[in-house]
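I opened the notebook to look up how the strands in this structure are arranged into sheets. My plan was to follow the strand order, then the edges, then individual bridge partners.

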Amino acid sequence: MSSNFNPVFSDNCNSFEELRRSGAVYVDKTDLIADLLNHAARGYQIARPEGFGKSLFVGTLKTFFTKGLEPFAGLKISSIELRKDLKPTPVVHLDLARISNFETAEEFRSSFYQYIQHELARLELRGQDGARIDVNRCFEEDPRYPNFALDFLLDKLPYDSLVLLVDNFDAPINAAKGRSEELQRRIFGVIEGFFIILKDQSCFLLEIVTGTRVFRDLVGDSIHYFIHSIPTCVLWDLTCSRDGHVLLSFSEEEIAEYFASPLEHTARALNCSRSAVMDKLRLCCPRYVQQDSRRWLTNADTEELTPEYRPQDVLNFFADHAGSLSRASAQLPPVQVLGSGDY
């Protein structure tokens with residue numbers, strides 16, 4: 001019998017449907033997604049380090065808006081009443097990690113708008129008058145100014161007719177780090193310009209932006225507040241909220257409920273109880289608490305809060321508990337505070 005139990009289909013599986021089909025462990029947070037969707041806000045941003053499931057969260061939303069509730073049968077969201085306007089809607093899904101290999105700002109700008117053009121063209125969009133929009137023609141009329149073409153195209157679309165999902169928005173900026181300050185500034189400018197275009201558009205039913213940070217990052221000597229610097233671009237910041245924290249982390253109660261089989265398997269392999277396995281998991285997996293957006297947390301504060309776990313750490317423990325234990329210290333790792341925007 002294998003000493004380890006692999007509860008995941010793939011370490012990088014960001015497809016909700018693929019994960020469900022594989023029979024992998026899926027922690028049902030869809031009630032929280034329903035709460036988010038039922039909220040009146042149009043846009044959200046959320047920042048977390050790698051391994052918190054941001055891309056799976058985006059993939060889950062994409063499945064909901066492209067296929068409705070059918071793939072969610074048996075999950076919590078299927079029994080929750082949703083807003084009447086939440087129906088299958090065309091999705092523009094941009095993963096900016098896919099265009100993070102570039103040498104110059106001009107090369108990035110070209111790749112960025114070609115990516116957007118491709119994603120819009122595959123949707124077969126129609127304007128407010130019902131006529132089909134030739135996306136490629138819009139962009140080809142003046143290739144020098146794809147930002148103007150995008151703005152013009154979005155203006156033609158009906159109200160609430162698209163969903164925008166932007167994953168890893170800061171990946172290109174991270175890729176430019178350490179190369180030149182000027183390159184960073186120019187990459188930042190391209191992405192910021194894209195959000196400026198979006199700020200006055202009414203065609204988006206929902207906008208979700210994820211990254212490793214809410215971009216309160218230093219670019220050279222200047223602090224750019226990115227989305228917050230655009231007054232009319234309202235994206236609700238989930239990063240420092242309790243809801244955003246529990247949406248992308250695992251509690252010990254959830255581990256006990258959803259990982260019952262891996263817990264049992266690991267207990268047999270280690271010849272110990274399930275509670276002893278949880279003790280070992282605590283040694284191997286850092287715990288996190290959410291920074292209160294209203295104040296800075298002290299060490300005493302973190303002890304009063306209920307810490308949660310990064311999903312990838314939990315998956316790695318059950319996939320290779322022996323390796324995890326060999327790397328663990330004899331003492332519990334300190335509780336880490338999330339929410340400062342600096343990861």
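The entries below go through the sheets in turn.

Entry 1. I noted before anything else that the model is predicted, and I kept that in mind while reading the strand assignments.

Entry 2. I looked up the sheet of five strands and found it open, with parallel pairing and the order β2-β3-β4-β1-β7. Its edges are taken by β2 (91–95) and β7 (236–237), each of which has a single partner strand, so one side of each is left without a neighbour in the sheet.

Entry 3. I then turned to β4 (residues 204–211), which pairs with β3 (residues 162–167) in the parallel sense over five bridges. Following individual residues across this pairing, I found Phe204 as the bridge partner of Leu162, and I saw Leu165 standing opposite Ile208.

Entry 4. β4 also pairs with β1 (residues 43–47), again in the parallel sense and over five bridges, and here Gly211 of β4 is the bridge partner of Ala47. When I checked how covered β4 is, eight of its eight residues came out as buried, that is, under 20% relative accessible area.

Entry 5. I looked up the open sheet of three strands, where the order is β9-β8-β10 and the pairing is mixed. β9 (308–309) and β10 (336–338) stand at its edges with a single partner strand each, and therefore one side of each lacks a neighbour in the sheet.

Entry 6. Within that sheet I followed β8 (residues 287–290), which runs antiparallel to β9 and is joined to it by two bridges; Arg287 has Tyr309 in β9 as its bridge partner.

How values were computed: Residues numbered from 1 in each chain as written. Predicted model: local features only at pLDDT ≥ 70, side-chain atom pairs only at ≥ 80, totals over all residues. Heavy atoms only, no water. Pairing = 2+ DSSP bridges. Helix = DSSP H or I, 4+ residues; strand = E, 2+ residues; numbered from the N terminus. Buried < 20%, exposed > 50% of the residue type's maximum accessible area, 1.4 Å probe, protein only.
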